[in-house]
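Hi everyone, thanks for making the time. Have a look at what's on the screen, and then I'll walk you through it.

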Amino acid sequence: MHAYAITPPATEGGRWQTCYKDSSGKRKNIKAQTKEELLDKLIPLYLSNSHLDNLTFHELYEEWLEYKAAVTNSVNTIKRHKQHYKKYFEPSVLHGMKIKKLTNSYWKKNAI
């Protein structure tokens with residue numbers, strides 16, 4: 001989640017702006033003509049600093065399950081998620097696959 005406010009232009013003809021932390025931890029400003037352009041600039045910054053490159057499908061599931069357990073009050077819901085994963089994903093090729101390999105071209109080639 002983006003930690004900084006995204007602010008609209010203060011004047012007509014101004015730019016949308018926000019901040020982000022670069023790889024050294026320094027806060028940097030980023031600006032664009034439209035909110036969409038600003039978001040288009042932000043997304044690669046977050047993805048380039050993410051750990052998704054080394055994450056497998058199963059590891060991502062485990063992270064998601066931790067998050068889900070934190071926001072869900074139902075133990076049964078978490079139990080069912082675990083059961084579904086064990087039944088459908090654990091025996092599949094996806095279980096050990098790196099997330100970065102799950103591209104559009106992968107899905108086009110391997111769609112059932």
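**Starting from one lysine**

So, K68 has a relative accessibility of 25%, and therefore we call it partly exposed. Before I go on, keep in mind that this is a predicted model.

Where does K68 sit? It's in helix α2. If we skip the neighbours within four places in sequence, K68 is in contact with I78 and H81. K100, on the other hand, is 32 residues away from K68 in sequence, and the two C-alpha atoms are 22 Å apart in space.

Okay, let's zoom out to the helices. When people talk about two packed helices, they give the angle between the axes and the distance between the axes. Here the pair is α2, residues 57-71, and α3, residues 75-89. What angle do they pack at? About 165°, with their axes 11 Å apart. Anything over 145 degrees counts as roughly antiparallel, so that's what we call α2 and α3. And if you like handedness, the crossing of α2 and α3 is right-handed.

Which residues actually meet there? On the α2 side, you've got F57, H58, Y61, W64, L65, K68 and A69. Across from them, α3 brings I78, H81, K82, Y85 and F89. Sorted by class, the contact of α2 with α3 has 8 nonpolar, 2 polar and 2 charged residues. So our K68 is part of that contact.

Two more from the α2 list are worth a stop. Take Y61 first. Not counting residues up to four places away in sequence, Y61 touches H81, K82 and Y85.

Then there's H58, also in helix α2. Its relative accessible area is 23%, so H58 is partly exposed. With residues up to four places away left out, H58 touches Y85 and H95. Now compare that with K31: H58 and K31 are 27 residues apart along the chain, but their C-alpha atoms are separated by 36 Å.

Right, on to the nonpolar cores. How many residues are in the largest one? There are 11 in all: L55, F57, Y61, L65, I78, Y85, L94, M97, I99, L102 and Y106. Which elements give two or more residues to this core? That would be α2 and α3. The top contributor is α2, with 3 residues. There's also a second, separate core of 5 residues, and among them are Y20, I30, A32 and L38.

Let me also show you a spot in a loop. T56 lies between α1, which is 35-48, and α2. Buried or exposed, what do you think? The relative accessibility of T56 is 14%, and under 20% counts as buried, so T56 is buried. As for its company, T56 touches H95, G96, M97, K98 and I99, again not counting residues up to four places away in sequence.

For contrast, here's N104, in helix α4, residues 104-110. N104 comes out at 62% relative accessibility, so this one counts as exposed. And N104 and T18 are 86 residues apart in sequence, with 30 Å between them in space, C-alpha to C-alpha.

To wrap up, if you remember one picture, make it α2 and α3 packing roughly antiparallel, with both of them giving two or more residues to the largest nonpolar core. Happy to rotate the model for anyone who wants another look.

Conventions:
Residues are numbered from 1 along each chain as its sequence is written. This is a predicted model: local features need pLDDT of at least 70, side-chain atom pairs count only at pLDDT 80 or more; totals for chains, interfaces and linings use all residues. Side-chain values use heavy atoms; hydrogens and water are left out. Axes are lines fitted to C-alpha atoms, for helices over the stretch in contact, and angles run from 0 to 180 degrees between N-to-C directions. Helices (H or I, at least four residues) and strands (E, at least two) are DSSP runs, numbered from the N terminus. Angles under 35 degrees count as roughly parallel, over 145 as roughly antiparallel, 65 to 115 as roughly perpendicular and the rest as oblique. A crossing is left-handed if the near helix is turned anticlockwise from the far one by less than a right angle, and right-handed if clockwise. Contact means heavy atoms within 4.5 Å. Ala, Val, Leu, Ile, Met, Phe, Trp, Tyr, Cys and Pro count as nonpolar, Asp, Glu, Lys and Arg as charged, and the others, Gly among them, as polar. A nonpolar core is a set of buried Ala, Val, Leu, Ile, Met, Phe, Trp, Tyr and Cys residues joined through side-chain atoms within 4.5 Å. Buried means under 20% relative accessible area, exposed over 50%, partly exposed in between (1.4 Å probe, protein chains only).
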